[in-house]
Amino acid sequence: MSPAADGVPRCSWAAREPETGYHDTEWGFPVGDDVRLFEKICLEGFQSGLSWRTILLKRDNFRAAFAGFDIPTVAGFGEHEVERLLGDAGIIRHRGKINAAINNAARALELIDEAGSLAAFVWRFEPEVAADPTAEPVSITPESVALSTALKKRGWKFVGPTTMYAFMQSMGVVNDHAPGCLTYEPVARAREQFSRPKPPAGVPLSPP
């Protein structure tokens, strides 16, 4: 943890914009909205091998290019849209990652049918015991391995364990803000007050 230019203690990766604003208002706060969750999974996939700063600077471009990450719309993208995206200098022009986002939208629709919502499925991987906030940071956990495995079994792409842990950090299924960070306690309170999404009545729970 280190102070940013304004002297406020934050996690060390958030010392400048746009990371500072993202860190203070989004990262780690619990998310239960399927569109936001799908966006986060897609952007974490695009970030693979790159810096998160690169993705943040292009996030608005990604949202415009991928129809606001509306899941049915992205699932319907075909080769014409792929070629359009490959020609869009405002995003990461990686055919494999673009195809993965389109594939994952279709898989997300299947998962919504299975579990009631993407949120209901993902929140089942919340650790039963919170990690010690004073422990050394990690990039992979048993829960991120389990989530990665479950999604890969269902045909998802670019959802490796490290990518899934970054996703779990960003959407608040864990609170990985450093102790003393100005956002640690707000995230902790938000997680306490958050109603974990559950499948609707009558939807059977298949194994994660």
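This briefing covers the cysteines, aromatic contacts, internal spaces and backbone features of one structure. The model is predicted. It holds 0 disulfides, 11 aromatic pairs and 2 cavities of 30 Å³ or more. The largest pocket encloses about 1200 Å³.

**Cysteines**

- The disulfide count is 0, and Cys11 takes part in none, the nearest cysteine sulfur being that of Cys181 at 3.9 Å.
- Cys181 is likewise in no disulfide, and its nearest cysteine sulfur is that of Cys11.
- Because a disulfide requires two cysteine sulfur atoms within 2.5 Å, the 3.9 Å between the sulfurs of Cys11 and Cys181 does not qualify.
- Cys11 is buried, at 4% relative accessible area.
- Cys181 is buried as well, with a relative accessible area of 5%.

**Aromatic contacts**

- The structure has 11 aromatic pairs, among them an edge-to-face pair of Trp13 and Trp27, with 5.0 Å from centre to centre and 75° between the planes.
- This pair joins distant parts of the chain, 14 residues apart: Trp13 belongs to the loop between strand S2 (9-10) and helix H1 (19-25), and Trp27 to the loop between H1 and helix H2 (34-47).
- Trp13 is partly exposed, with a relative accessible area of 31%, whereas Trp27 is buried at 9%.
- A cluster of six phenylalanines, Phe38, Phe46, Phe62, Phe66, Phe69 and Phe77, is linked through ring pairs.
- One member of that cluster, Phe77, has the charged end of Arg84 over its ring, 5.5 Å from the ring centre.

**Largest cavity**

- The largest cavity has a volume of about 60 Å³.
- Its lining consists of Ile41, Cys42, Gly45, Phe46, Lys97, Ala100, Ala101, Asn104, Lys157 and Phe158.
- H2 and helix H6 (95-115) each contribute at least two residues to this lining.
- By class, the lining residues are 6 nonpolar, 2 polar and 2 charged.
- Phe46 therefore appears both in the lining of the largest cavity and in the phenylalanine cluster, by the lining and ring-pair criteria respectively.

**Second largest cavity**

- The second largest cavity holds about 30 Å³ of space.
- Tyr22, Glu39, Lys40, Leu43, Trp52 and Arg59 line this cavity.
- H2 and helix H3 (52-65) each supply at least two of the lining residues, and H2 has the largest share with 3 residues.
- The lining has 3 nonpolar and 3 charged residues, and no polar ones.
- Leu43, one of the lining residues, is located in helix H2 and is buried, with a relative accessible area of 2%.
- Between the C-alpha atoms of Leu43 and Ala178 there are 23 Å, with the two residues 135 apart along the chain.

**Largest pocket**

- The largest pocket has about 1200 Å³ of space, and 43 residues line it.
- Closest to the pocket centre are Trp27, Tyr165, Gln169, Asp176 and His177.
- Elements giving two or more residues to the lining are H1, H2, H3, helix H9 (161-170) and helix H10 (184-193).
- H9 gives the most, with 6 residues.
- The lining divides by class into 22 nonpolar, 11 polar and 10 charged residues.
- Trp27 has two roles here: it is among the residues closest to the pocket centre, and it forms the edge-to-face pair with Trp13.

**Backbone features**

- The Glu17 to Pro18 peptide bond is cis, with omega near 5°.
- Pro18 sits in the loop between S2 and H1, which is also the loop that holds Trp13.
- Ala67, a residue other than glycine, has a positive phi near 55°.
- Ala67 lies in the loop between H3 and helix H4 (71-75) and is partly exposed, at 36% relative accessibility.
- Phe158 also has a positive phi, near 55°, and is again a residue other than glycine.
- Phe158 is found in the loop between helix H8 (142-153) and H9, and its relative accessibility of 36% makes it partly exposed.
- Phe158 is also one of the residues that line the largest cavity.

Definitions and conventions. Residues are numbered from 1 along each chain as its sequence is written. This is a predicted model: local features need pLDDT of at least 70, side-chain atom pairs count only at pLDDT 80 or more; totals for chains, interfaces and linings use all residues. Side-chain values use heavy atoms; hydrogens and water are left out. Buried means under 20% relative accessible area, exposed over 50%, partly exposed in between (1.4 Å probe, protein chains only). Rings of Phe, Tyr and Trp (its six-membered ring) pair if their centres lie within 6.5 Å; planes under 30 degrees apart count as stacked, over 60 as edge-to-face and the rest as tilted. Helices (H or I, at least four residues) and strands (E, at least two) are DSSP runs, numbered from the N terminus. A charge sits over a ring if NZ of Lys or CZ of Arg is within 6 Å of the ring centre and within 35 degrees of the ring normal. On a 1 Å grid over the protein atoms alone, a cavity is a set of points where a 1.4 Å probe fits but cannot get out, and a pocket is an open set with protein on both sides within 12 Å along at least five of seven lines; lining residues have an atom within 4 Å of a point. Grid points are joined across faces, edges and corners, and a volume is the space filled by probe spheres set on the points. Ala, Val, Leu, Ile, Met, Phe, Trp, Tyr, Cys and Pro count as nonpolar, Asp, Glu, Lys and Arg as charged, and the others, Gly among them, as polar.
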